[in-house]
Amino acid sequence: MDKKERFIAAIKENEGFIYKIAAVYTNNTDDKNDLVQEIIYQLWKSFDSFNQQSSLNTWMYRVALNVAIFQLKVSKKTVPTIPINEQVINYRNTDTIDNEERWKIFREQIGTLNLLDKGIVLLYLDNKSYEEIAAIVGISKTNVATKLSRIKEKLKTQIHKNL
Amino acid sequence: MELDDLKSTWQNEGNTSTQKNLTTSIINKMTQKKYHSKIKKITLPEIIGISICVMGAGFIALNFNKLDTIIFQAVGVASIIILLILSALGFLGLKTLNIKKDFDKPYAETLKIFAMQKLAFYRLQKINIILCYLLMVTIIVLLPKLFSNKDITEYKYFWLSTFTTGYIVLFFLSKFVSKYYRKTLQQSEELLAEVI
């Protein structure tokens with residue numbers, strides 16, 4: 001398998017994460033598609049520098065998150081902090097809400113976090129272990145655990161505050 | 001809703017068929033060039049701004065002979081210097097945008113660079129506003145001389161109308177800039193405190 005084929009296989013394997021990252025860090029479809037493209041473009045540009053010190057998967061997550069940050073800078077946008085609405089508060093009681101609404105609520109929750117916490121949460125939600133999160137983010141495993149516990153507390157408090 | 005409740009939504013989002021649309025040919029295309037590059041859209045206003053400043057400085061320099069007193073000449077030199085500084089700041093901003101990024105770095109390190117660059121950018125914006133205040137004064141003094149070779153004191157309402165209008169516009173502009181950036185500035189500082 002040549003380099004390009006390996007790259008394409010890796011992208012296909014991780015496209016779900018790339019799209020989700022792009023959706024969380026942007027506010028509309030155009031920006032999302034731009035970010036997906038930018039991530040893939042930068043991944044390809046940096047593919048030679050992948051030195052196998054970490055797994056390909058870890059490396060891809062790291063590049064994707066970093067590109068998302070710089071894309072924010074280029075487009076001069078910030079991820080908005082949206083106040084939590086009633087729908088979020090009543091989330092547990094709304095069994096019938098569809099995926100789109102769930103995703104909206106999800107974005108509202110994630111949107112209240114700072115960029116560091118956001119990155120950590122996204123990796124946690126993607127079922128990454130504390131070790132993997134630590135490797136991607138560049139902080140210690142203990143720090144990951146502390147931050148996650150603080151984030152969980154913060155999300156809980158926000159809900160109560162709005163009740 | 002707790003963090004673990006969000007997991008299923010996150011997992012579902014990745015499984016929706018509409019999102020899995022990357023074919024080999026699309027990936028290939030994406031690796032070749034950036035066909036939706038945003039950089040051009042962002043840099044265009046900056047380039048226009050720089051061009052206007054350079055042209056303004058050039059215009060004053062070319063008409064410098066019309067400035068017949070020491071005071072007008074001093075104001076003319078001050079205007080040229082301010083315009084050139086504004087152009088240099090514009091270039092600096094462009095350079096920051098086009099700087100080669102290392103995406104292999106750990107996320108926290110990238111955030112640190114990102115927050116620091118943001119803080120630097122906002123400081124630059126503040127300097128820009130201050131320079132614009134100064135430029136407004138110097139340009140208003142020079143305009144009648146440069147265009148009709150008359151002293152501004154000859155115009156009855158000149159001071160009142162131009163200074164008032166210019167000052168009001170700049171006042172609201174600076175208010176808007178500081179209000180617009182205050183939250184982002186605070187977020188950047190907090191982020192920096194987290195990652196350092």
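Among contacts in chain B between residues at least 6 apart in sequence, what percentage join residues at least 24 apart? In this predicted model, the share of such contacts in chain B that join residues at least 24 apart is 81%. Chain B holds 6 helices and 0 strands, and its pattern along the sequence reads α-α-α-α-α-α. Of the 196 residues in chain B, 16% are buried.

One residue of chain B, Leu89(B), illustrates contacts between separate parts of the sequence. Leu89(B) belongs to helix α4 of chain B, which spans residues 70–98. When neighbours within four places in sequence are set aside, Leu89(B) is in contact with Leu124(B), Ile127(B) and Asn128(B). For one of these partners, Ile127(B), the separation from Leu89(B) is 38 residues in sequence, while the C-alpha atoms of the two residues are 9.0 Å apart in space. Leu89(B) is classed as partly exposed because 19 other C-beta atoms lie within 10 Å, whereas a buried residue would need 20 or more.

The largest nonpolar core has 56 residues, of which Ile21(A), Ala22(A), Ile39(A), Ala64(A) and Leu111(B) touch the most other members. Helix α1 of chain A, covering residues 3–25, supplies the largest share of this core, with 11 residues. Apart from this core lies another one, of 5 residues, which includes Cys53(B), Ile82(B), Leu86(B) and Leu135(B). As for Ala22(A), its contacts beyond the neighbours within four places in sequence are with Lys32(A), Leu35(A), Val36(A) and Ile39(A).

Confidence in chain A varies along the sequence. The mean pLDDT of chain A is 77, and 79% of its residues reach 70 or more. Within chain A, the highest confidence is found in helix α7, at a mean of 91, and the lowest in helix α4 (residues 86–89), at a mean of 40. The pLDDT is below 50 over residues 76–96 of chain A, a stretch that nevertheless has 28 contacts in the model beyond near neighbours in sequence. Where pLDDT is low, predicted coordinates should not be read in detail.

Helix α7 of chain A, comprising residues 130–137, is mostly covered, with 6 of its 8 residues buried. The buried residues of α7(A) are Glu132(A), Ile133(A), Ala134(A), Ala135(A), Ile136(A) and Val137(A). Just after α7(A), Gly138(A) adopts a positive phi of about 90°.

Helix α6 of chain A (residues 115–125) packs with α7(A) at an angle of about 145°, the axes of the two helices being 10 Å apart, and the crossing of α6(A) past α7(A) is right-handed. On the α6(A) side, Gly119(A), Ile120(A), Leu123(A) and Tyr124(A) meet Ile133(A), Ile136(A) and Val137(A) of α7(A). Sorted by class, this contact between α6(A) and α7(A) comprises 6 nonpolar residues, 1 polar residue and no charged residues.

The loop between α6 and α7 of chain A contains Asn127(A), a residue other than glycine whose phi is nonetheless positive, near 65°. Is Asn127(A) buried or exposed? Asn127(A) is exposed, because 10 other C-beta atoms lie within 10 Å, and a residue counts as exposed when that number is 12 or fewer.

Key
Residues are numbered from 1 along each chain as its sequence is written. Chains are lettered from A and ligands numbered from 1 in the order in which they are written. This is a predicted model: local features need pLDDT of at least 70, side-chain atom pairs count only at pLDDT 80 or more; totals for chains, interfaces and linings use all residues. Helices (H or I, at least four residues) and strands (E, at least two) are DSSP runs, numbered from the N terminus. A nonpolar core is a set of buried Ala, Val, Leu, Ile, Met, Phe, Trp, Tyr and Cys residues joined through C-beta atoms within 7 Å. Two residues are in contact if their C-beta atoms, placed from the backbone, lie within 7 Å. pLDDT is the predictor's confidence in each residue, from 0 to 100. Axes are lines fitted to C-alpha atoms, for helices over the stretch in contact, and angles run from 0 to 180 degrees between N-to-C directions. A crossing is left-handed if the near helix is turned anticlockwise from the far one by less than a right angle, and right-handed if clockwise. Ala, Val, Leu, Ile, Met, Phe, Trp, Tyr, Cys and Pro count as nonpolar, Asp, Glu, Lys and Arg as charged, and the others, Gly among them, as polar.
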